[in-house]
Amino acid sequence: MRSSLTIEFIRACALEGQYEISLHADQERLEDGLAIKDVEEALCSAEVLEDEVEGRAEPKHLKSEAMAGKYSDCFFCGGEVVETAINREIWWKGKLHLIQEVPAGVCKQCGEKVILPEVAGEIDRILQGRTAPEEVLQVPAYRYPRSKAV
Ligand SMILES: [Zn+2]
């Protein structure tokens, strides 16, 4: 395990696909129309503008060669992370998509979710239209009443 979180270490992790992406971050990048490859490329060519990591604990959330499990322990609480199939609702290019039974790492302690880069890549392939949907669902849609706005 490296003793500090350097840009070289981050680049190597991105290059080798040795990282986990939080479900929240993955949702954000999809809503921005970014493929996981774009994120990895950006990481590989990134420069450090400001170092805010000083004083933080060891980067235990980054995978190391010593890691036995599929997922590292939870970045937030240190709890054990186990694989669970989750359903994801993703807004992609203005349309809502449902992807069921996505493998995700879920913290047993705090519920934080992460996904692996290969899973993010497969989601990209599905959304980019290389897989026909199993079915097309109808979703009830509402608008919050203006009169009740706070
Ligand atoms: Zn946790």
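Q: A residue is called buried if 20 or more other C-beta atoms lie within 10 Å of its own, and exposed if 12 or fewer do; in this predicted model, which exposed residues does helix 4 carry on the face turned away from its buried side?
A: The buried side of helix 4 includes Pro117, Ala120 and Ile123. Seen down the helix axis, the buried residues of helix 4 fall within an arc of 115°, so they line one face of the helix. The face turned away from that side carries the exposed residues Glu118, Arg125, Gly129 and Arg130.

Q: How far apart are the end C-alpha atoms of helix 4?
A: Helix 4 covers residues 117-130, which is 14 residues, and at 1.5 Å a residue it should span 20 Å. The distance in the model agrees with that expectation, because the end C-alpha atoms of helix 4 are apart by 18 Å.

Q: Which strands are among the elements that cover the buried residues of helix 4?
A: The cover of these buried residues includes two helices, helix 2 (23-31) and helix 3 (36-44). The strands that take part in the cover include strand 1 (21-22), strand 3 (95-107) and strand 4 (113-115).

Q: Which strands are the edge strands of the sheet?
A: The sheet is open and is formed by 4 strands in the order 1-4-3-2, with antiparallel pairing. An edge strand here pairs on one side only, and this holds for strand 1 and strand 2 (81-92).

Q: What angle does the direction of helix 4 make with that of strand 3?
A: Strand 3 pairs with strand 4 in the antiparallel sense over 2 bridges, and Val106 has Lys113 of strand 4 as its bridge partner. Helix 4 packs on the sheet, where it touches strand 1, strand 2, strand 3 and strand 4. The direction of helix 4 makes with that of strand 3 an angle of about 170°.

Q: Where does Lys93 lie?
A: Most residues other than glycine have a negative phi. Lys93, however, has a positive phi, near 50°. Lys93 is exposed, with 10 other C-beta atoms within 10 Å, and its place is the loop between strand 2 and strand 3.

Q: Is Glu101 buried or exposed?
A: Glu101 is placed in strand 3, and although it is not a glycine, its phi is positive at about 55°. The limit for the exposed class is 12 or fewer other C-beta atoms within 10 Å. Because Glu101 has 10 C-beta neighbours inside 10 Å, it counts as exposed.

Notes: Residues numbered from 1 in each chain as written. Predicted model: local features only at pLDDT ≥ 70, side-chain atom pairs only at ≥ 80, totals over all residues. Expected span 1.5 Å × (residues − 1). Arc of directions from axis to C-beta. Contact = placed C-beta atoms within 7 Å. Pairing = 2+ DSSP bridges. Axes fitted to C-alpha atoms, helices over the stretch in contact; angles between N-to-C directions.
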